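Visitor: I should like a close look at a single part of this model, followed by an account of what surrounds it. Please proceed step by step.

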Amino acid sequence: MAPEDFPDPASVEAARSRTEVIIGLVRREKPTLRQLLGYMAGARGHFVTAGAPEQIADLIEDWFRDGAADGFNLMPPVLPAMLQVFVSEVVPLLRKRGLFRGEYAGETLREHYGLARPAVRF
């Protein structure tokens, strides 16, 4: 299997980033089809990491400060237990580093982002 076996990401409108992830994995790892399917089934193609709370906080900080990410979606393998571990052990580290807010600026999402309420049209 080679990157050429996949469509050009520019031609894939619905899942361009997923196509880029798969092609990048194929370039780096050169997996067999079985290995690729195993990888995609286990993490659905998402980046997977594990480690001590400090290591996870370091990774998040590095990605954020390097401009590689401006937010994260967590997909803990076991809910709610692993999410509770993340919240109780990683979030405090991110707060100390100024990377995770303690409270929101407004009561609504619009207020939080400082967006004016649009005029109502009928």
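**From the last helix to the charged network**

Guide: In this predicted model, His112 belongs to helix α5, which covers residues 109-112. With a relative accessible area of 16%, His112 counts as buried, because the limit for that term is under 20%. Residues up to four places away in sequence being set aside, His112 touches Arg101, Tyr104, Ala105 and Gly106.

The loop between α4 and α5 also holds Arg97, and this residue leads to the charged side chains. Three salt bridges are present in the structure. In one of them Arg97 pairs with Asp58, with 2.9 Å between the closest N and O atoms. This pair links distant parts of the chain, since Asp58 sits in helix α3, 39 residues from Arg97. Both partners are partly exposed: the relative accessible area is 25% for Arg97 and 36% for Asp58.

Glu61 is another residue of helix α3. At 19% relative accessibility, Glu61 falls under the 20% limit and therefore counts as buried. When neighbours within four places in sequence are left aside, its contacts are Arg97 and Leu99. Within the helix, Glu61 forms a salt bridge with Arg65, the closest N and O atoms being 3.0 Å apart. These two residues of α3 are four positions apart, which is about one turn of the helix. Glu61 also meets Arg97 through a salt bridge between their side chains, at 2.8 Å from N to O. Because Glu61 is in helix α3 and Arg97 in the loop between α4 and α5, this pair ties together parts that are 36 residues apart in sequence. Through shared partners, the salt bridges join Asp58, Glu61, Arg65 and Arg97 into one network. As a general matter, side chains of opposite charge can pair when their charged atoms come close.

Helix α3 takes part in nonpolar packing as well. The largest nonpolar core has eight residues: Ile56, Ala57, Ile60, Phe86, Val90, Val91, Leu93 and Leu94. The elements that supply two or more residues to this core are α3 (53-65) and α4. Of these, α4 gives the most, with five residues. Phe86 is a core member whose contacts include residues outside the core list. Residues up to four places away in sequence not being counted, Phe86 touches Ile56, Ile60, Leu74, Val91 and Leu94. Apart from this core lies another one, of five residues, among them Leu25, Val26, Leu36 and Met40. In soluble globular proteins, nonpolar side chains tend to be buried together.

Leu74, which Phe86 touches, leads from the core to the surface. Together with Phe64, Phe72, Leu79, Leu83 and Val87, Leu74 forms a nonpolar patch on the surface, with about 530 Å² of accessible area together. Val87 is located in helix α4, residues 81-96, and is partly exposed, at a relative accessible area of 46%. Phe72, also in the patch, is partly exposed at 37%. The structure holds one aromatic pair. Its partners are Trp63 and Phe72, in a tilted arrangement with 6.2 Å from centre to centre and 35° between the planes. Trp63 is partly exposed, with a relative accessible area of 30%.

Two details of the backbone complete the account. Leu79, a member of the surface patch, is joined to Pro80 by a cis peptide bond, with omega of about 0°. Pro80 is placed in the loop between α3 and α4. The second detail concerns Lys30, which is not a glycine and yet has a positive phi of about 50°. Lys30 is found in the loop between α1 (16-29) and α2 (33-43). This residue is exposed, at a relative accessible area of 62%. Most residues other than glycine have a negative phi, and most peptide bonds are trans.

How values were computed
Residues are numbered from 1 along each chain as its sequence is written. This is a predicted model: local features need pLDDT of at least 70, side-chain atom pairs count only at pLDDT 80 or more; totals for chains, interfaces and linings use all residues. Side-chain values use heavy atoms; hydrogens and water are left out. Patches are made of residues with over 30% relative accessible area and no salt bridge: like charges are joined within 9 Å, nonpolar side chains (Val, Leu, Ile, Met, Phe, Trp, Tyr) within 5 Å. Accessible areas come from the Shrake-Rupley method with a 1.4 Å probe; for residues, only the protein chains shown count as cover. A salt bridge is a side-chain nitrogen of Lys or Arg within 4 Å of a carboxyl oxygen of Asp or Glu. Buried means under 20% relative accessible area, exposed over 50%, partly exposed in between (1.4 Å probe, protein chains only). A nonpolar core is a set of buried Ala, Val, Leu, Ile, Met, Phe, Trp, Tyr and Cys residues joined through side-chain atoms within 4.5 Å. Contact means heavy atoms within 4.5 Å. Rings of Phe, Tyr and Trp (its six-membered ring) pair if their centres lie within 6.5 Å; planes under 30 degrees apart count as stacked, over 60 as edge-to-face and the rest as tilted.
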